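Open your viewer and load the model. This tour goes from the whole chain to single residues.

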Amino acid sequence: MRIKRISKHVWSISTWLIVPINVWLVKDEKGLILVDAGIPMMANGILKYIDQLNFGPLSRILLTHGHSDHVGAIKKIRSKRNVPVYAHQEVIPFIEGKFPYPRRKKAQVLIEPSITTPLDEDAQQQLKPIGDLIPHHTPGHSPGHVVYYHQKVNILIGGDLFTSRRQRIRKPMSMFTANMAQAIKSGQIVKKLKPKSLCVCHGNEVQDPHKQYDLLREKLLS
Ligand SMILES: [Zn+2]
Ligand SMILES: [Zn+2]
């Protein structure tokens, strides 16, 4: 596993299991937020890097969605640090094994029920910021998929909104994507926010992803 500083406030921690898997640490005044929790074998490394960075305690875990490669280290991390876990309300029943994910036969308990708290919404049903991160609902890859925008440093943590290769955004992995057309449409968020850098779970960061979006959309939806 390796850690990389992406900006003054954001680090990625990466490993490899057939594909690259990234999770992120985001510094704010309360300590460090973990965005996504990778696979079980990443737990000790994540805790070690949190201690090494020495920017305060782990304050909470935010999920882009609940696929097993994004929640795997939660059990172990929470056995050592009792922090809250947040996800979009639409994905929580799938995470808790009440229904199988779309296109899957069996439901699976990925996080024990009643641990995951829904992200808060305002009266206009906009998701409320958590620390410096603004969640945006981007369904398609999975129900209740969200991305987290760090406005101050203009970085978008995109989870599985896209994958990336050689500085290009690509579609999310087809096999695990519930509704590809909807996922690609949700990808428009990069045109709205115009982040200077997009972080994805499965691939390296992509600079100015909004400049590539129309081409990808045309290729995939034509
Ligand atoms: Zn996924
Ligand atoms: Zn994934």
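The stops below say what to select and what is there.

This is a predicted model, where local features need pLDDT of at least 70, side-chain atom pairs count only at pLDDT 80 or more, and totals for chains, interfaces and linings use all residues. Residues are numbered from 1 along each chain as its sequence is written, chains are lettered from A and ligands numbered from 1 in the order written, and side-chain values use heavy atoms, without hydrogens and water.

**Whole chain.** Show the cartoon. You will find seven helices and 14 strands (DSSP runs: H or I of at least four residues for helices, E of at least two for strands). Zoom out. The C-alpha atoms fill a box of roughly 50 × 40 × 40 Å along the principal axes.

**Surface.** Switch on the surface. Its accessible area is about 10,700 Å², and 51% of that belongs to carbon and sulfur atoms (Shrake-Rupley method, 1.4 Å probe). Of the 222 residues, 53% are buried (under 20% relative accessible area, 1.4 Å probe, protein chains only).

**Charges.** Select Lys and Arg as positive, Asp and Glu as negative; leave out His and the chain ends. There are 33 positive and 17 negative side chains, and the centres of the two sets lie 7 Å apart.

**Cysteines.** Select C199 and C201. Why is C201 not bonded to C199? The sulfur of C201 is 11 Å from that of C199, its closest cysteine sulfur, which is too far for a bond. A disulfide needs two cysteine sulfur atoms within 2.5 Å. The chain has zero disulfides by this rule. C199 is buried at 1% relative accessible area, and C201 is buried at 0%.

Terms used. Buried means under 20% relative accessible area, exposed over 50%, partly exposed in between (1.4 Å probe, protein chains only). The place of a charge is taken as NZ of Lys, CZ of Arg, CG of Asp or CD of Glu.
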